Amino acid sequence: MRIIGAFVVLVVLWLLLSGIYTPMIVGLGVASAGLAVLVVRRMDLVDSDPVELALKPLGFPLYLFWLLGEIAKANWAVTRIILAAQMPIRQHLFAVQVTQKTDLGQVIFANSITLTPGTITVETEPERFLVHAVAYTPGTIGELTEMDRRVSAAEAV
Amino acid sequence: MSTAALIQEVLSWVLVVSGAFFALVGAFGTWRLPDFWSRLHAASVTDSAGMILLIAGMCLQSGLTLVTVKLIVIGIFLFITGPTATHAVANAALVSGLRPREAEGLIAAEPEPLTVAGGAEGDAEGTRKETAGAA
Amino acid sequence: MFVVATIMIILGMVLTLMRLFGGPTVYDRVLAVNLFGTLTVLLIAVKGFLSGRPDFLDIALLYALINFVGTIAVLKFFRYRAIGDYARTRDDEEEQS
């Protein structure tokens, strides 16, 4: 089942990237996708874990839009720090509680923290992330807690 | 040129130039900021704002073609791998013993129970899994 | 507009190279290489539009893949001093010595 899924994904990727739809080119695409799947199968790299996207179909895109807004704000703040004559840096390494239940949710939260400039996930531990902030204010932890709450809300467990 | 085409042209102009501006600011920051930990954040500016704005501007420029699909594939890939690579660099620096200089008035960094000889390996395992899952 | 963008990105690459050569620690250099790769991807894409041949995007996609794998490989090497499956840990070294 996973083999067929991987094959279909590879063929679709070929069709999207090549853009030439003559029988020979498409045939070559199908052949190379088949070869790749065969090699992966021989290497025994296809695990039997089910692919679970435990995300809310509507909640997650909404979260992404909210995240884009946060990225814009954070970028502006860091740009002002970089271009300021006296760079107002207040570095701090602190811990943030993690409430996501799935691995995917935690990955999304950690990547979201890193994606907003100004905060970077430095270390992941079971219950908490260590986060480094370049311009630390007392409100920074509050913002990250808000992000944590939103990621947990977009999770469908 | 119709009004819609004009708006599209102007909008993509603004997006591409502002994206290039943010990419330049990020590179400037890595050159200017005083130490490694703050430079991480400057690189993050190029990875997020510069990349997103440039890709969006080029998408508008090319309209609804296969080129847009390729741009979106590149965009999604960079959107996921950019922060993962930054996290990997930061994590490697932390494990190797590099510590940020805390600002005055702030309590020193949180203790690191996992960086001792025995724990470092299990922790590295988790990082690698996360990387594989994100990619 | 793509001329302006190209010039700005190349300027950024020059600044990144300066950090790459001057970076005090190895992690500064890895960071600079990673950033340089991201800028290269963007430059290739913009260059494709500048010359009216967006086919360059395939190369940009490939470069993005290689850049990510390369960064992770270099970091793994500096952490374990090995790239293969069996990365020696400090415990192993203690047992041997």
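The following exercises, each with a worked solution, concern a predicted model and treat chain B, its two interfaces and one residue of chain A.

**Exercise 1. Describe the secondary structure and the burial of chain B.**

Solution. Begin with the elements: chain B has four helices and zero strands. Their order along the sequence is accordingly written α-α-α-α. Next, consider burial. Chain B has 135 residues, and 54% of them count as buried, the cut-off being under 20% relative accessible area. Then turn to the surface. The accessible surface of chain B is about 5500 Å², and carbon and sulfur atoms hold 70% of that area. Finally, examine the contacts in chain B with a separation of 6 or more: 62% of them join residues 24 or more positions apart.

**Exercise 2. Determine how many residues chain B and chain C bring to their contact, and how much area they bury between them.**

Solution. First, take the residues: chain B brings 55 and chain C brings 43. Second, take the area. The size of an interface is often expressed as the accessible area that is lost when the parts come together. For chain B and chain C this buried area is about 4300 Å², with 78% of it on carbon and sulfur atoms.

**Exercise 3. Identify the polar and charged links between chain B and chain C, and state which elements of chain B take part in the interface.**

Solution. Start with the salt bridges, of which there are two across this interface. One of the salt bridges joins R39(B) to D28(C), with 2.5 Å between the closest N and O atoms. This distance satisfies the rule, because a salt bridge requires the nitrogen and the oxygen to lie within 4 Å. Five residue pairs across the interface of chain B and chain C are in polar contact, with both residues at pLDDT 80 or more.

Continue with the elements. On the side of chain B that touches chain C, two or more residues come from each of α1 (3-32), α2 (36-62), α3 (66-95) and α4 (117-134) of chain B. Of these, α3(B) gives the most, with 17 residues. Sorted by class, this side of chain B consists of 34 nonpolar, 14 polar and seven charged residues.

**Exercise 4. Analyse the interface of chain A and chain B in the same order of steps.**

Solution. The residues come first: 44 from chain A are in contact with 48 from chain B. The area follows: the two chains bury about 3900 Å² between them, 67% of it on carbon and sulfur atoms. Within the part that chain A buries against chain B, I82(A), Q91(A) and L93(A) supply 16%, more than any other three residues.

Now consider the links. Between chain A and chain B there are zero salt bridges, whereas eleven residue pairs are in polar contact, both residues being at pLDDT 80 or more. The elements giving two or more residues to the side of chain A that touches chain B are α1 (2-18), α3 (59-83), β1, α4, β2 (119-124) and β3 (128-133) of chain A. The largest share, nine residues, belongs to α3(A). By class, this side of chain A divides into 27 nonpolar, 13 polar and four charged residues.

**Exercise 5. Locate T102(A) and describe its surroundings.**

Solution. First, place the residue: T102(A) is in the loop between β1 (92-97) and α4 (103-115) of chain A. Second, look for a polar neighbour: a polar atom of the T102(A) side chain lies 3.1 Å from the backbone nitrogen of G105(A). Third, leave aside residues up to four places away in sequence; T102(A) then touches A54(A) and E155(A).

Conventions
Residues are numbered from 1 along each chain as its sequence is written. Chains are lettered from A and ligands numbered from 1 in the order in which they are written. Side-chain values use heavy atoms; hydrogens and water are left out. Buried means under 20% relative accessible area, exposed over 50%, partly exposed in between (1.4 Å probe, protein chains only). Contact means heavy atoms within 4.5 Å. Accessible areas come from the Shrake-Rupley method with a 1.4 Å probe; for residues, only the protein chains shown count as cover. A polar contact is a pair of N or O atoms within 3.5 Å; within protein, one must be able to donate a hydrogen and the other to accept it, and residues adjacent in sequence count only if both atoms are side-chain atoms. Buried area is the accessible area (1.4 Å probe) that two parts lose on being put together, summed over both. A salt bridge is a side-chain nitrogen of Lys or Arg within 4 Å of a carboxyl oxygen of Asp or Glu. Ala, Val, Leu, Ile, Met, Phe, Trp, Tyr, Cys and Pro count as nonpolar, Asp, Glu, Lys and Arg as charged, and the others, Gly among them, as polar.
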